[in-house]
Amino acid sequence: GTVMMVLGADDDWAWVNARPEHEREALLADAEPFDPFTTAAEADVGVLAEIFRQTPGTLVSDHPEGRFGARGRLAAHLVADPPWDDYYGPGSALHRLVEAGGKVLRLGADPDTVTLTHYAEYLAPVAGKRRVRRHRRVVGAHGPEIRVVDCLDDTNGIVDRPGEEDYFATILRAYLASGRATVGTVGGAASELLDARDYLGFAVTWMTSNL
């Protein structure tokens, strides 16, 4: 089989992207550049992702915002050549996971953390989707360089819903209530197994009706 995890990237300079765009390149001049092979996984993703990244034989995608790691027969296919902009959208590792008939295994995770929901944000016909531009210092072909990433807002959501629960959590709760997931306990963790294609379709339908 093949296992894939979202890794993201540890970034002590993320605050720079809250500053005006014309200031960012100068502010990033001394930033540690992202290296797909050595930069640690994002801390919020959890320690298992960092252990997975460091395990010999794990392949990783070259993207400072949407980095994934994978092991197994389909690993190279899943993580190769991610789209630079819209890295969770068509052509992404998430897209390939769905096309390969994959599943999402959640091990005691918070309800607002189904990364596959980001792919649904690209597919749902929702008007006025919020977009962001981020500047990152990365290891380029000739050394460190500044590159700009354009994508849907995967931090604050594609729309505002004042007073409402994070819609990622709402979608998951609705999906679990439908009885379409396999639910059980792994170790001491309440866990769920979701069919990726089925969950994606459910999420797109929910967003179309509610966002």
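**Two small sheets, their helices and a long-range salt bridge**

E1 and strand E3 (residues 68–72) pair up in the antiparallel sense, with five bridges between them. This is a predicted model, so everything described here is read from computed coordinates. Within that pairing, Thr 2 sits opposite Gly 72 of E3. The two strands belong to an open sheet of three strands, ordered E1-E3-E2 and paired antiparallel. Strand E1 (2–6) and strand E2 (59–60) take the edge positions, and each of them pairs on one side only. Helix H2 (residues 47–54) packs on this sheet and touches E1, E2 and E3. The direction of H2 makes about 125° with that of E1.

Another open sheet of three strands follows the order E4-E8-E7, again with antiparallel pairing. At its edges stand strand E4 (103–107) and strand E7 (182–186); each has a single partner strand, so one side of each goes without a neighbour in the sheet. From one strand to the next, the twist averages 20°. E7 is joined to strand E8 (residues 189–195) by five bridges, and the two run antiparallel. To pick out one pair, Gly 184 has Ser 191 in E8 as its bridge partner.

Two helices lie across this sheet. H6 lies across E4, E7 and E8, and runs at about 80° to E8. H7 lies across E4 and E8, running at about 85° to E8.

These helices also meet each other. The axes of helix H6 (residues 167–177) and helix H7 (residues 196–210) come within 10 Å and cross at roughly 120°. Angles of 65 to 115 degrees would count as roughly perpendicular and those over 145 as roughly antiparallel, so H6 ends up oblique to H7. The crossing of H6 past H7 is right-handed. On the H6 side, the contact is built from Tyr 167, Phe 168, Thr 170, Ile 171, Leu 172, Ala 174 and Tyr 175. H7 brings Asp 198, Tyr 199, Phe 202, Ala 203, Trp 206 and Met 207 to the contact. Sorted by type, the residues where H6 meets H7 come out as eleven nonpolar, one polar and one charged. Thr counts as polar and Asp as charged, so the polar residue is Thr 170 and the charged one is Asp 198.

Then there are the charged pairs. Side chains of opposite charge can pair when their charged atoms come close. With a cut-off of within 4 Å between a side-chain nitrogen of Lys or Arg and a carboxyl oxygen of Asp or Glu, the count comes to 17 salt bridges. One of them links Arg 133 to Glu 21, with the closest N and O atoms 3.0 Å apart. Arg 133 belongs to strand E5 (residues 131–140) and Glu 21 to helix H1 (residues 21–27), so this pair ties together parts that are 112 residues apart in sequence.

Definitions and conventions
Residues are numbered from 1 along each chain as its sequence is written. This is a predicted model: local features need pLDDT of at least 70, side-chain atom pairs count only at pLDDT 80 or more; totals for chains, interfaces and linings use all residues. Side-chain values use heavy atoms; hydrogens and water are left out. Axes are lines fitted to C-alpha atoms, for helices over the stretch in contact, and angles run from 0 to 180 degrees between N-to-C directions. Helices (H or I, at least four residues) and strands (E, at least two) are DSSP runs, numbered from the N terminus. Angles under 35 degrees count as roughly parallel, over 145 as roughly antiparallel, 65 to 115 as roughly perpendicular and the rest as oblique. A crossing is left-handed if the near helix is turned anticlockwise from the far one by less than a right angle, and right-handed if clockwise. Contact means heavy atoms within 4.5 Å. Two strands pair if DSSP finds at least two bridges between them.
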